[in-house]
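Here is a short report on one protein model. It covers a helix, the salt bridges, the cysteines and the nonpolar cores.

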Amino acid sequence: MNKNVKIVMIAMFKNESRGLLRMLESCKPYIDYYVMQNNGSTDGSDIIAKKFLEDNNLPGMIYDVEEGWVGFGWNRDHLIQYCQEKVDHGCDWILKMDCDEILEIDSDFDWSLLEDTRRYRDWETDRKSVV
């Protein structure tokens, strides 16, 4: 794998102990940092995630949302905003994962497609100036 970009994986969970570890394992080879939002789990999901990060010596964090689960949109937006504004992860890209998903990347994936992040930042600036 010839990956020169850094990726932060974000995920939110509440009582996802059954699938959480599978999702985390699938992301491990590709992710440089984790930010995970606990929405009031009572099944040990937070312990599973914390142990995974520690056992694999992966940089990242898990934070609790005081409001718990408000709704998909609210919690997702909170997670993205938290990742962008409150965490110094130093990554180029954000990958949003659900706990019931797995990440599969073809062995011949061209990582260079993600290297020129200026192109995407310029698009965002241009889009804002039009609105």
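Buried means under 20% relative accessible area, and exposed means over 50%, with partly exposed in between. The model is predicted.

**Helix H3**

By that rule, the buried residues of H3 are Asn75, Leu79, Tyr82 and Cys83. They sit on the same side of H3, because their arc around the axis is only 95 degrees. Gln84 and Glu85 lie on the other side of H3 and are exposed. The helix itself runs over residues 72-86, which makes 15 residues. From first C-alpha to last, H3 reaches 20 Å. That is close to the 21 Å expected at 1.5 Å a residue.

What covers the buried residues of H3? Four strands are included in the cover: S1 (7-13), S2 (33-38), S3 (60-64) and S4 (93-96).

**Salt bridges**

The structure holds 5 salt bridges. Among them are the three tabulated here, each with its N to O distance.

| Pair | N to O distance | Relative accessibility |
|---|---|---|
| Lys28 and Glu25 | 3.7 Å | Lys28 30%, Glu25 39% |
| Lys51 and Asp55 | 2.6 Å | Lys51 48%, Asp55 54% |
| Asp98 and Lys96 | 2.7 Å | Asp98 29%, Lys96 26% |

Take the pair Lys51 and Asp55. Both residues lie in helix H2 (residues 45-55). They are 4 residues apart, about one turn of the helix. Is each partner buried, partly exposed or exposed? Lys51 counts as partly exposed, because its relative accessibility is 48%. Asp55, at 54%, counts as exposed.

The pair Lys28 and Glu25 has its closest N and O atoms 3.7 Å apart. Lys28 is partly exposed at 30%. Glu25 is partly exposed at 39%.

In the third pair, the side chains of Asp98 and Lys96 meet at 2.7 Å. Asp98 counts as partly exposed at 29%, and Lys96 counts as partly exposed at 26%.

**Cysteines**

How many disulfides are there? The count comes to 0. Cys27 is in no disulfide, and its nearest cysteine sulfur, that of Cys99, is 9.7 Å away. A disulfide needs the two sulfur atoms within 2.5 Å, so the 9.7 Å between the sulfur of Cys99 and that of Cys27 is too far for a bond. Cys27 is buried, with a relative accessible area of 0%. Cys99 is buried too, at 4%.

**Nonpolar cores**

In soluble globular proteins, nonpolar side chains tend to be buried together. Here the largest nonpolar core has 21 residues. Which members touch the most others? They are Met9, Met23, Leu24, Cys27, Ile31, Tyr34 and Met36. The elements that give two or more residues to this core are S1, helix H1 (20-27), S2 and H2.

Met9 shows these contacts in detail. Leaving out residues up to four places away in sequence, Met9 touches Met23, Leu24, Cys27, Ile31, Tyr33, Tyr34, Val35, Met36, Leu95 and Met97. Cys27 thus appears again: this buried residue, in no disulfide, is among the contacts of Met9.

A second core is separate and has 12 residues. It includes Val8, Met12, Val65 and Cys91.

Definitions and conventions: Residues are numbered from 1 along each chain as its sequence is written. This is a predicted model: local features need pLDDT of at least 70, side-chain atom pairs count only at pLDDT 80 or more; totals for chains, interfaces and linings use all residues. Side-chain values use heavy atoms; hydrogens and water are left out. The expected span of a helix is 1.5 Å times one less than its number of residues. Buried means under 20% relative accessible area, exposed over 50%, partly exposed in between (1.4 Å probe, protein chains only). The arc is that of the directions from the helix axis to the C-beta atoms. Contact means heavy atoms within 4.5 Å. A salt bridge is a side-chain nitrogen of Lys or Arg within 4 Å of a carboxyl oxygen of Asp or Glu. A nonpolar core is a set of buried Ala, Val, Leu, Ile, Met, Phe, Trp, Tyr and Cys residues joined through side-chain atoms within 4.5 Å.
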